[in-house]
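Dear colleague,

I am passing on the structure you will find just below, together with some notes on what turned up when I went through it.

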Amino acid sequence: IGPDATWYGEFVGNRYDNFTEHYYPFSARGCFFSEYECRVWQNVGISYLGRGGIVYMRCRQGIREGY
């Protein structure tokens with residue numbers, strides 16, 4: 001579909017580990033065919049964090065410098 005039509009997702013947060021009772025940083029990036037796929041991926045990330053909390057997340061269409 002080309003770099004200008006691709007959706008790019010970024011997700012940063014903290015994951016809470018119930019066993020150790022500590023927070024651990026978590027981040028991920030991904031490429032997707034549609035905004036819908038990117039949003040679903042973000043929701044999976046939110047579920048993974050549990051009680052951790054979101055620091056930053058976004059879905060953006062098109063290529064950008066340094067990605």
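To begin with a single residue, Val-12 has a relative accessibility of 31% and therefore counts as partly exposed. Val-12 belongs to strand β1, and together with Val-55 and Tyr-56 this residue makes a nonpolar surface patch of about 240 Å². Please keep in mind that this is a predicted model.

As for the fold around that strand, there is an open sheet of 3 strands in the order β2-β1-β3, paired in antiparallel fashion. Because β2 (22-32) and β3 (54-61) stand at the edges with a single partner strand each, one side of each is left without a neighbour in the sheet. The twist from one strand to the next averages 15°. Strand β1 (residues 7-17) is joined to β3 by 7 bridges, and Phe-11 stands opposite Met-57 in β3. Helix α1 (residues 35-49) packs on the sheet, where it touches β1, β2 and β3, and its direction makes about 10° with that of β1.

The search of the whole structure gave 3 salt bridges. In one of them, Arg-39 and Glu-35 meet at 3.2 Å, N to O; these two are 4 residues apart in helix α1, which means a separation of about one helical turn. Salt bridges that share partners also join Glu-10, Arg-29 and Arg-58 into one network. Within it, Glu-10 meets Arg-58 at 3.0 Å, and Arg-29 meets Glu-10 at 3.9 Å. Glu-10 is buried, with a relative accessible area of 10%, whereas Arg-29 is exposed at 57% and Arg-58 is partly exposed at 28%.

With kind regards

How values were computed. Residues numbered from 1 in each chain as written. Predicted model: local features only at pLDDT ≥ 70, side-chain atom pairs only at ≥ 80, totals over all residues. Heavy atoms only, no water. Pairing = 2+ DSSP bridges. Axes fitted to C-alpha atoms, helices over the stretch in contact; angles between N-to-C directions. Contact = heavy atoms within 4.5 Å. Patch = residues over 30% accessible without salt bridge, like charges linked within 9 Å, V, L, I, M, F, W, Y side chains within 5 Å. Areas by Shrake-Rupley, 256 points an atom, 1.4 Å probe, with all protein chains shown as cover. Salt bridge = Lys/Arg side-chain N within 4 Å of Asp/Glu carboxyl O. Buried < 20%, exposed > 50% of the residue type's maximum accessible area, 1.4 Å probe, protein only.
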